[in-house]
Amino acid sequence: ALEDEAYTRRNCACIADNREALKETLRKLGFSSTDSKSNFIFVKHPALPGAMLYEKLKARGILVRHFKTPRIADYSRITVGTAAQMETLVAAVQEILKEAV
């Protein structure tokens, strides 16, 4: 990657596009997020504790990070992947939200 600057730039742009699309999609589902310029986002939902989202995604084979630190315990850290991976994540989150309501 370091030897192919064009590839690296395309990959970074793709990650940024996928990150923004994911943030917008999750926002429409009621999530809020911190600002991010990296390859992950921190999100939380008022009706779905971070630990619960983590466990329910994990049960579906989707791994995100959850931290028990009080300041960020309500958040989940989601690494931005491909558009297809993000579609799979969103579909699972939609199912989980239906169960939680």
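Phe67 is in contact with Phe42, Ile72, Ala73 and Arg77, leaving aside its neighbours within four places in sequence. The model is a predicted one. Phe67 sits in a loop, the one between helix H2 (50-59) and strand E3 (76-79). One of its contacts, Arg77, is 10 residues away along the chain, and the two C-alpha atoms are separated by 8.4 Å. Phe67 has a relative accessibility of 24%, so it counts as partly exposed. The cut-off matters here: buried means under 20%.

Strand E3 comes next. Thr79 is found in this strand. Its relative accessibility is 42%, and Thr79 therefore counts as partly exposed. Apart from neighbours within four places in sequence, Thr79 is in contact with Asn39, Phe40 and Met86. Lys56 is another matter. Thr79 and Lys56 are 23 residues apart along the chain, and their C-alpha atoms are separated by 16 Å.

The contact with Met86 leads into helix H3, where Met86 is found. Is Met86 buried or exposed? Its relative accessibility is 11%, so Met86 counts as buried. Not counting residues up to four places away in sequence, Met86 touches Leu22, Thr79, Val80 and Gly81. Thr79 belongs to strand E3. Leu22 belongs to helix H1. Met86 thus has a contact in each of these two elements.

Ala21 also lies in H1. In sequence, Met86 and Ala21 are 65 residues apart; in space, their C-alpha atoms are 9.1 Å apart. Ala21 counts as partly exposed because its relative accessibility is 42%. Now compare Ala21 with Leu2. These two are 19 residues apart along the chain, yet 26 Å separates their C-alpha atoms.

Now the helix pairs. Two packed helices are described by the angle between their axes and the distance between the axes. Take H1 and H3 to begin with. Helix H1 covers residues 5-28 and helix H3 covers residues 83-100. They pack at an angle of about 15 degrees, with their axes 11 Å apart. That angle makes H1 roughly parallel to H3, since angles under 35 degrees count as roughly parallel. The crossing of H1 and H3 is right-handed.

Which residues of H1 and H3 meet? On the H1 side they are Asn18, Leu22, Thr25 and Leu26. On the H3 side they are Ala83, Met86, Leu89, Val90 and Val93. By class, this contact has seven nonpolar, two polar and no charged residues. Met86, counted as buried, is one of the H3 residues in this contact.

H2 and H3 form another pair. Their axes come within 10 Å and cross at roughly 120 degrees. That angle makes H2 oblique to H3. The cut-off explains the label: 65 to 115 degrees would count as roughly perpendicular, and over 145 as roughly antiparallel. H2 passes H3 in a right-handed crossing. The H1 and H3 crossing is right-handed too.

From H2, Leu53, Lys56 and Leu57 take part in the contact. They meet Leu89, Ala92, Val93, Ile96 and Glu99 in H3. By class, the contact of H2 with H3 has six nonpolar, no polar and two charged residues. Leu89 and Val93 of H3 also meet H1, so these residues appear in the H2 contact and in the H1 contact. Lys56, named earlier for its separation from Thr79, is one of the H2 residues that meet H3.

Last, the cysteines. How many disulfides does the structure hold? It holds zero. A disulfide is a covalent bond between the sulfur atoms of two cysteines. Why is Cys12 not in one? The closest cysteine sulfur to that of Cys12 is in Cys14, and it is 10.0 Å away, too far for a bond. The cut-off for a disulfide is a pair of sulfur atoms within 2.5 Å. Cys14 is likewise in no disulfide, its nearest cysteine sulfur being that of Cys12. With a relative accessibility of 46%, Cys12 counts as partly exposed. Cys14 is also partly exposed, with a relative accessible area of 39%.

How values were computed: Residues are numbered from 1 along each chain as its sequence is written. This is a predicted model: local features need pLDDT of at least 70, side-chain atom pairs count only at pLDDT 80 or more; totals for chains, interfaces and linings use all residues. Side-chain values use heavy atoms; hydrogens and water are left out. Buried means under 20% relative accessible area, exposed over 50%, partly exposed in between (1.4 Å probe, protein chains only). Axes are lines fitted to C-alpha atoms, for helices over the stretch in contact, and angles run from 0 to 180 degrees between N-to-C directions. Helices (H or I, at least four residues) and strands (E, at least two) are DSSP runs, numbered from the N terminus. A crossing is left-handed if the near helix is turned anticlockwise from the far one by less than a right angle, and right-handed if clockwise. Contact means heavy atoms within 4.5 Å. Ala, Val, Leu, Ile, Met, Phe, Trp, Tyr, Cys and Pro count as nonpolar, Asp, Glu, Lys and Arg as charged, and the others, Gly among them, as polar.
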